Structure formats: C-alpha cells, structure tokens
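Welcome! Here is a short guided tour of a protein chain that you may be meeting for the first time. Please take a look at the sequence and the model, then read on.

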Amino acid sequence: MSNDALKETALRVSVLVDALESRSETALRSLEASAGALIHTASSLGQQGQAASSAALAAARQLDAQTARLARQQRSMLWISGVALGLGAALAVAGSSVFVWAKWRELQQIEFAQKIHRATESGALAPCGEALCVRVPKNPTRMGANGEYIVVE
C-alpha cells in the first residue's frame, strides 16, 4: 500500500471518526434533554396521579439507561478509531522508512558509479588490453582490515 493510499485511508478514518463523534454527541444531547424533560414532567405529574407519574419515571430511567449505553458505545468507537488511526500512522511511517531506505541505497550505487566515472576520466582507471589498470601513487594509502586495498590517485 503506497504512502498516499495510507494517508488517504487515515484521513477517511479521521473524517469518519469526526462524523460519528458529532452524531453521537447530538444524539446524546437529545437523549439527555429528553430524559431531563421526562423527569421534570414525571415529577409534576406526581401531583396529578401516581400511575402516570410511575410510568413517566420508568420511561425516564429507561431513557437514562439508553443514554449511558450510547455514551459507552461512543467511548468504545473513539478508542477503536484512535487505534485505527495509530495503526495507519505506523504503517505510513513504516512505508516512508522503506521508501527512504531504498532511495538511500540507490543513491549509494549512483555515487559509486560516479567515482568510477571520475577515476576513468582522470586516467586513474584505464583499460590495458584485456585487463584493467589502476594508477597508484608512489606511497599508496592502504585500506581494508589487512591492507588489501590501495587508494587510487
């Protein structure tokens, strides 16, 4: 999956989370307002009749329980979407790291090819019939663990 696709997916998940959160908050406010109105109505109905008051109180309690369930579901969805966004971000970072590493390796190969080209242009590296010759200084600098390489002029 490309970085752009990962970014687009993360953006879509973020928009979805925002929409869900907005809808949940609106529904929660509406339920809380309804519950408050029902509780208020139920208490005023208590003076007019016990049966109506009991039914209204039961409905208010039921609505209050539904509001609590909705709030739990909202928190659950926020956690899930947060984890999804975190995973999307981790995937984007991993994809970017792989891309950067591949480009770095490619750059190393190009730099090596440029060094060979410069050595050929300067005459430090030249064809000698079937062989390849290297011009070295009188006191060459040696490289490698055992000095097995000589630095070209």
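The secondary structure of this chain comes to two helices and four strands. Its radius of gyration is 37 Å, well over the 15 Å that the globule rule gives for 153 residues, so the chain is more spread out than a compact globule. Please keep in mind that this is a predicted model.

**Overall layout**

- If you read along the sequence, you will meet the elements in the pattern α-α-β-β-β-β.
- Helix 1 covers residues 3-45, and helix 2 covers residues 50-122.
- Along its principal axes, the C-alpha trace of the chain spans about 115 × 30 × 20 Å.
- What share of the 153 residues in the chain is buried? Buried residues make up 14% of them.
- Among the contacts in the chain with a separation of 6 or more, 47% are made by residues 24 or more positions apart.

**Where the two helices meet**

- A good place to begin is Ser 24, which sits in helix 1.
- Ser 24 has a relative accessible area of 7%, and it counts as buried because that value is under 20%.
- Which residues is Ser 24 in contact with, leaving aside its neighbours within four places in sequence? They are Leu 70, Gln 74 and Met 77.
- One of these partners, Gln 74, belongs to helix 2.
- Gln 74 is buried as well, with a relative accessible area of 10%.
- Not counting residues up to four places away in sequence, Gln 74 touches Glu 21, Ser 24, Glu 25 and Leu 28.
- Ala 65 is also found in helix 2, and with a relative accessible area of 36% it is partly exposed.
- From Ala 65 to Ala 35 there are 30 residues in sequence, while their C-alpha atoms are 9.8 Å apart in space.

**Distances along the chain**

- Leu 6 has its place in helix 1 and is buried, with a relative accessible area of 7%.
- How far apart in space are Leu 6 and Leu 132, C-alpha to C-alpha? The distance is 49 Å, and the two residues are 126 apart in sequence.
- Ser 22 is another residue of helix 1, and at 41% relative accessibility it counts as partly exposed.
- The C-alpha atoms of Ser 22 and Gly 95 are separated by 32 Å, with their positions 73 residues apart along the chain.

**The hairpin of strands 1 and 2**

- Before the hairpin comes Gly 123, in the loop between helix 2 and strand 1.
- Is Gly 123 buried or partly exposed? Its relative accessibility is 29%, and it is partly exposed because this value lies between the 20% limit for buried and the 50% limit for exposed.
- Gly 123 and Arg 135 are twelve residues apart along the chain, and their C-alpha atoms are separated by 7.5 Å.
- Strand 1 (residues 125-128) pairs with strand 2 (residues 131-134) in the antiparallel sense, over four bridges.
- One bridge links Ala 126 to its partner in strand 2, Cys 133.
- Together, strand 1 and strand 2 form a hairpin with two residues between them.
- In the turn of this hairpin, Gly 129 has a positive phi of about 70°.

**The largest pocket**

- The largest pocket has a volume of about 230 Å³.
- Which residues line the largest pocket? Its lining is made of Phe 112, Lys 115, Ile 116, Ala 119, Leu 125, Val 134, Ile 150 and Val 152.
- Helix 2 gives the most to this lining, with four residues.
- Sorted by class, the lining of the largest pocket has seven nonpolar residues, no polar ones and one charged residue.
- The hairpin takes part too: Leu 125 and Val 134 are among the lining residues, and strand 1 holds residues 125-128 while strand 2 holds residues 131-134.

Note on methods:
Residues numbered from 1 in each chain as written. Predicted model: local features only at pLDDT ≥ 70, side-chain atom pairs only at ≥ 80, totals over all residues. Heavy atoms only, no water. Pairing = 2+ DSSP bridges. 1 Å grid on protein atoms, 1.4 Å probe; cavity = no way out; pocket = protein on both sides within 12 Å on 5 of 7 lines; lining within 4 Å. Points joined across faces, edges and corners; volume = space filled by probe spheres on them. Nonpolar A, V, L, I, M, F, W, Y, C, P; charged D, E, K, R; others polar. Rg over C-alpha atoms; globule rule 2.2 N^0.38 Å. Buried < 20%, exposed > 50% of the residue type's maximum accessible area, 1.4 Å probe, protein only. Contact = heavy atoms within 4.5 Å.
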